[in-house]
Amino acid sequence: MSETPVKLVVDLSKPKGEREQYIPLTDEEIAQRDADAVQAEAERVEREAIEAQKAADAQAGRDALVALGLTEAQINALLGA
Amino acid sequence: MAYELIETIEVGASGVTSIEFTSIPQDGKDLVILTSLRGVGGSGSDLPFNIEFNGTTTDRNAVFVYTINNTSIFSSTSTSYQARGITSNDAGSDIYGMAQIYITNYASTGKKPIAIESTGENDNANTGRSLTSASYAGTSGISQIAMNTLGTTNLKQYSTASIYKIY
């Protein structure tokens, strides 16, 4: 059986040296933490997919300009690259 | 403008999932938290953490910009406060990430502007870095701040957090 994760709570109303407490997470807190991780990972994957599509579109556009006969220098000047 | 250190804490040998400051004195103007964090568990080298005020996940909005290993920059609006300031355990030993959380007018009943800067400070691949510009619309002063890791991440021993008030 795995250990229950703990959090460090620092109560600033108490005198120094008596403020820190290590408290096990509740089931609710553990569930919330797992849900946050799933959401963060989904957002990261979505953002990276969007960035990958943008990069692919940019390269396709560049390739199309090359096919029209523009030089790399002309394309860079057009795109401000 | 003068900084006054309220408290510095260091995580003990067992590690923790989060660090929480409660009963924050309400007699300052601004509040700053500086962290030095290293994590174990979770996936990948880019370990995020979320920040909560007063035990709620409401009344928040933010613009969040981050990069992993400087290859691409991602941006989004968000209703959470995120930071990328935890160095993962696959980095060289004794390397800790950093974050600064700056909250203006934290004790007021109005909206509180917030700026969060963080970097994972990893000497391997996949260093995470982020900037968050945000506000908190809760109508009470901020008396509690939690920095929560996600999933199976645990903050390692010797991670630290310092909280300052500014007059």
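**Figure 1. Strand pairing between chains A and B in the predicted model.** Strand S1 of chain A is joined to strand S2 (residues 18–22) of chain B by 4 bridges, and the two strands run parallel. Within this pairing, A:Val10 has B:Phe21 of S2(B) as its bridge partner. Among the elements of chain A, S1(A) has the highest mean pLDDT, 97.

**Figure 2. The contact between chain A and chain B.** Contacts link 20 residues of chain A with 24 residues of chain B. On chain A, the side that touches chain B draws at least two residues from each of strand S1 (6–11), strand S2 (20–24) and helix H1 (27–67). H1(A) gives the most to this side, with 7 residues. By residue class, the side of chain A that touches chain B holds 10 nonpolar, 1 polar and 9 charged residues.

**Figure 3. Helix H2 of chain A and the residue that follows.** Helix H2 of chain A spans residues 72–79. None of its 8 residues is buried, so the helix lies largely in the open. Just after H2(A) comes A:Gly80, whose phi is positive, at about 70 degrees.

**Figure 4. Confidence along chain A.** Chain A has a mean pLDDT of 89, with 98% of its residues at 70 or more. Of the elements of this chain, H1(A) has the lowest mean pLDDT, at 87. Where pLDDT is low, the predicted coordinates should not be read in detail.

**Figure 5. Overall build of chain B.** Chain B has 13 strands and 0 helices, so its pattern along the sequence is β-β-β-β-β-β-β-β-β-β-β-β-β. Its C-alpha atoms fill a box of roughly 40 × 35 × 30 Å along the principal axes. The radius of gyration of chain B is 15 Å, which agrees with the value near 15 Å for a compact globule of 167 residues. Of the 167 residues of chain B, 43% count as buried. Among contacts in chain B between residues at least 6 apart in sequence, 79% join residues at least 24 apart.**Figure 6. Strand S8 of chain B and the strands paired with it.** Side chains alternate along S8(B), residues 97–103. B:Gly97, B:Ala99, B:Ile101 and B:Ile103 point to one face and are buried. B:Met98, B:Gln100 and B:Tyr102 point to the other face and are not buried. Strand S3 (residues 30–40) of chain B runs antiparallel to S8(B) and is joined to it by 7 bridges. In that pairing, B:Thr35 has B:Ala99 as its bridge partner. S8(B) also pairs with strand S9 (residues 112–119) of chain B, in the antiparallel sense and over 6 bridges. There the bridge partner of B:Ile103 is B:Ile114 in S9(B).

**Figure 7. The largest nonpolar core and B:Ile103.** This core has 34 residues. The members that touch the most other members are B:Ile51, B:Ile101, B:Ile103, B:Ile114, B:Ile116, B:Ile142 and B:Ile145. Strand S4 (residues 46–53) of chain B gives the most to this core, with 4 residues. Leaving out residues up to four places away in sequence, B:Ile103 touches B:Asp30, B:Leu31, B:Lys112, B:Ile114 and B:Ile142. B:Ile103 is also among the buried residues of S8(B).

Methods: Residues are numbered from 1 along each chain as its sequence is written. Chains are lettered from A and ligands numbered from 1 in the order in which they are written. This is a predicted model: local features need pLDDT of at least 70, side-chain atom pairs count only at pLDDT 80 or more; totals for chains, interfaces and linings use all residues. A residue is buried if 20 or more other C-beta atoms lie within 10 Å of its own, exposed if 12 or fewer, and partly exposed in between; C-beta atoms are placed from the backbone. The radius of gyration is taken over C-alpha atoms; the globule rule is 2.2 Å times the number of residues to the power 0.38. Two residues are in contact if their C-beta atoms, placed from the backbone, lie within 7 Å. Two strands pair if DSSP finds at least two bridges between them. Ala, Val, Leu, Ile, Met, Phe, Trp, Tyr, Cys and Pro count as nonpolar, Asp, Glu, Lys and Arg as charged, and the others, Gly among them, as polar. pLDDT is the predictor's confidence in each residue, from 0 to 100. A nonpolar core is a set of buried Ala, Val, Leu, Ile, Met, Phe, Trp, Tyr and Cys residues joined through C-beta atoms within 7 Å.
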